[in-house]
Amino acid sequence: MAKIKKILIANRGEIALRIIRTAKEMGIATVAIYSEADRNALHVRNADEAVCIGPAASSESYLRTDKIIKVCKDLKVDAIHPGYGFLSENADFAKEVTKNDIIFIGPSPEAISVMGSKLAAKAAVAKYDVPLVPGTEEAITDITEAKKIAAEIGYPILIKASAGGGGKGMRIVHDEKDFEAELKSCQREAKNSFGD
């Protein structure tokens, strides 16, 4: 494997700062990406190079694989560290990174496919008779069906977007009267945070 000389951190905030600090200790140059809203963030100021990747909405900046890959090519980046959340659990992103001859610092796309999807992970461990929290075997989009399953499980319940990660796309529902509003809120957050 080739020596990594420069990495792009496809994240922001504290996680990006930790990656920058470690990379500097290892003698690796760092590239931060940022949205317009994060222009003055600490990770932007502490990286060796920083590139604005788009508007404040993460779907237009931190989740834009095409822009991130372009920055890597333009700046001759060897590897991408996704941090957590955002694209760290996106198998398509990991595949695109490796397809472009960039090292993905993280699990293989295959491992992400299984463990990045809450439903696929649940199915994978069910084969080994691991005790599981009661829930569904597949994504549910029908509200009536979802309410029925929630009633069978019993409140309180946790609504979890299958594509969510990093604490996004989750809602605790204590009472059936709040179910629909919390489900819609969870769906909106998952769409805005993960594009799914």
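1. Lys184 is partly exposed, at 38% relative accessibility; the classes used here are buried for under 20% relative accessible area, exposed for over 50%, and partly exposed in between, with a 1.4 Å probe and protein chains only. Its partner Glu180 is likewise classed as partly exposed, with a relative accessibility of 31%. The two side chains form a salt bridge in which the closest N and O atoms are 3.2 Å apart; the term denotes a side-chain nitrogen of Lys or Arg within 4 Å of a carboxyl oxygen of Asp or Glu. Glu180 and Lys184 are four residues apart in helix α8, about one helical turn. Lys147 joins Glu180 and Lys184 in a network of salt bridges.

2. On the basis of the note, the model is predicted: local features need pLDDT of at least 70, side-chain atom pairs count only at pLDDT 80 or more, and totals for chains, interfaces and linings use all residues. Residues are numbered from 1 along each chain as its sequence is written, and side-chain values use heavy atoms, with hydrogens and water left out.

3. A second salt bridge involving helix α8 concerns Glu189, whose side chain meets that of Arg171 at 2.7 Å, N to O. Glu189 belongs to helix α8 (residues 179-194) and Arg171 to strand β7 (residues 170-173), so this pair ties together parts that are 18 residues apart in sequence. Glu189 counts as partly exposed at 21% relative accessibility, whereas Arg171 counts as buried at 19%.

4. In helix α4 (residues 91-99), Lys99 and Glu96 lie three residues apart, about one turn of the helix. They form a salt bridge, with 3.4 Å between the closest N and O atoms. Lys99 is exposed, its relative accessible area being 60%; Glu96, at 27%, is partly exposed. The search of the whole structure finds 11 salt bridges.

5. The chain contains eight helices and seven strands. These elements are DSSP runs numbered from the N terminus: helices are H or I with at least four residues, and strands are E with at least two. Five of the strands form an open sheet with parallel pairing, in the order β3-β2-β1-β4-β5. Strands β3 (49-54) and β5 (103-104) are the edge strands, each pairing on one side only. Two strands are taken to pair if DSSP finds at least two bridges between them.

6. Strand β4 (residues 79-81) runs parallel to β5 and is joined to β5 by two bridges. Within this pairing, Ile80 stands opposite Phe104 of β5.

7. For the chain as a whole, the C-alpha trace spans about 55 × 40 × 25 Å along its principal axes. Of the 196 residues, 38% are buried. Among contacts (heavy atoms within 4.5 Å) with a separation of 6 or more, 46% are between residues 24 or more positions apart.

8. The exposed area of the chain is about 11100 Å², of which carbon and sulfur atoms supply 53%; accessible areas come from the Shrake-Rupley method with a 1.4 Å probe, and for residues only the protein chains shown count as cover. The chain carries 28 positive and 28 negative charges, and their mean positions are 6 Å apart. Lys and Arg count as positive and Asp and Glu as negative, while His and the chain ends are not counted; each charge is placed at NZ of Lys, CZ of Arg, CG of Asp or CD of Glu.
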